[in-house]
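I opened this notebook to record what I looked up in the structure, entry by entry. I begin with the overall fold and then turn to single elements and residues.

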Amino acid sequence: LECYCSSESNSFTTVADHLEQLLEHAVTTQASDLHLEPSEHGWTVRYRIDGLLQEHPSFSKSVGLAIVSRMKLMAHLNITEQRRAQDGRLEYRSRNELNSPCAAFRIATLPTQFGESLVLRLLDRRATCLDLEQLSFSPAVRRALLELLQEPYGLFIVTGPTGSGKTTTLYSCLQHLHHAALEGLQRAVAGDAALWEDAQQVAGLEHAPRLVEGLHHEGRDLGD
């Protein structure tokens, strides 16, 4: 790993340490985006937190180039290609929380006059598995949303600025539908147990294997 000497503390810091600090700050502050923007003399670092861009201490040009190369390597991008836009994905787990789920970042590069600009979108799995009751909806909005989710078909649109919770809301809706479908299947199995027993006697089928097959089929329909 390349090492760089900090002029303030006169200590050496690796590129991995710089990258760890960038990604860890994005996760702990629940930032939706991390921007790395090159300029003539260095790199500007910005985080989007609660929809607002907040500027953070910048890097020198040499350190910024090394960080960008390492990010591209982690995202399985072509590190030699700097004239075309690229898209990828990288995962990060804090060194202090090795047993915690990985935070995923979607990474996009864009050539500029002074080098490649990078934008990382945080796709934190820990933040997208929320129950609808945990979202900050008013009772009226939550009731209207639940009524929409009970419809057999239709379309509703979730809009809002970056970082407002659109993806979290949609994941919560999908989780609610998933649980509702499983509960419906369980009620159907419990209510029709006698019919299943009669059918197996007539057709010569065993109850347990057919029930397991039905559960597997329901899982496939739900996207599992």
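**Entry 1. Overall fold.** I counted the secondary structure and found six helices and eight strands in the protein chain. The model I am reading is a predicted one. Along the sequence I read the order as β-β-α-β-β-β-α-β-β-β-α-α-α-α. I noted that 31% of the 224 residues in the protein chain count as buried. I then looked at contacts with a separation of 6 or more, and 46% of these in the protein chain are between residues 24 or more positions apart. For the accessible surface of the protein chain I recorded about 14,700 Å², with 53% of it belonging to carbon and sulfur atoms.

**Entry 2. Strand β4 and its partners.** How many of the eight residues of strand β4 are buried? I found seven of the eight in this strand, residues 42-49, to be buried, so β4 is largely enclosed by the rest of the structure. I next asked which strands pair with β4. Strand β3, residues 33-38, runs antiparallel to β4 and is joined to it by six bridges. In this pairing I located H35 opposite R46 of β4. The connection from β3 to β4 is a hairpin through three residues.

I also noted strand β5, residues 52-60, which pairs with β4 in the antiparallel sense over seven bridges. Here V45 stands opposite H56 of β5. A hairpin with two residues between the strands links β4 and β5, and D50 in its turn has a positive phi of about 55°.

**Entry 3. T44.** I chose T44 as a residue within strand β4. Its relative accessibility is 16%, and because the cut-off for buried is under 20%, T44 counts as buried. Leaving aside neighbours within four places in sequence, I listed the contacts of T44 as H35, L36, E37, E55 and S58.

**Entry 4. Helix α2.** I checked whether the length of helix α2 agrees with its residue count. The helix has 14 residues, 61-74, which at 1.5 Å a residue should span 20 Å; the C-alpha atoms at its ends are 20 Å apart, so the two agree. I recorded V63, G64, A66, I67, V68, M71 and K72 as the buried residues in α2. As a general point, an α-helix has 3.6 residues a turn, so residues three or four places apart point the same way.

**Entry 5. The nonpolar cores.** Which residues have the most contacts inside the largest nonpolar core? I found them to be M71 and F105, in a core of 29 residues. The elements that give two or more residues to this core are α1 (15-28), β3, β4, α2, β6 (86-92), β7 (103-112) and β8 (115-124). Of these, α1 gives the most, with six residues. I followed M71 further: beyond its neighbours within four places in sequence, M71 is in contact with L19, L22, L23, L34, L36, L90, I107, L118 and L120. Apart from this core I noted another, of five residues, including L135, L145, L149 and C173.

**Entry 6. L19.** I placed L19 in helix α1. At 3% relative accessibility, L19 counts as buried. Not counting residues up to four places away in sequence, L19 touches I67, R70, M71 and M74. I also looked up L19 and G64, which are 45 residues apart along the chain, and found their C-alpha atoms separated by 9.9 Å.

**Entry 7. F137.** I located F137 in the loop between β8 and α3 (139-149). Is F137 buried, exposed or partly exposed? Its relative accessibility is 25%, so I entered F137 as partly exposed. Outside its neighbours within four places in sequence, F137 is in contact with R142, L145 and T169.

**Entry 8. Positive phi angles.** Most residues other than glycine have a negative phi. I therefore made a note of two residues here. Q30 has a positive phi of about 55° although it is not a glycine, and Q30 is found in the loop between α1 and β3. With a relative accessible area of 66%, Q30 is exposed. H76 is not a glycine either, yet has a positive phi of about 60°. I found H76 just after α2, in the loop between α2 and β6. H76 is exposed, with a relative accessible area of 72%.

Methods. Residues numbered from 1 in each chain as written. Predicted model: local features only at pLDDT ≥ 70, side-chain atom pairs only at ≥ 80, totals over all residues. Heavy atoms only, no water. Buried < 20%, exposed > 50% of the residue type's maximum accessible area, 1.4 Å probe, protein only. Helix = DSSP H or I, 4+ residues; strand = E, 2+ residues; numbered from the N terminus. Pairing = 2+ DSSP bridges. Contact = heavy atoms within 4.5 Å. Areas by Shrake-Rupley, 256 points an atom, 1.4 Å probe, with all protein chains shown as cover. Expected span 1.5 Å × (residues − 1). Core = buried A, V, L, I, M, F, W, Y, C linked by side-chain atoms within 4.5 Å.
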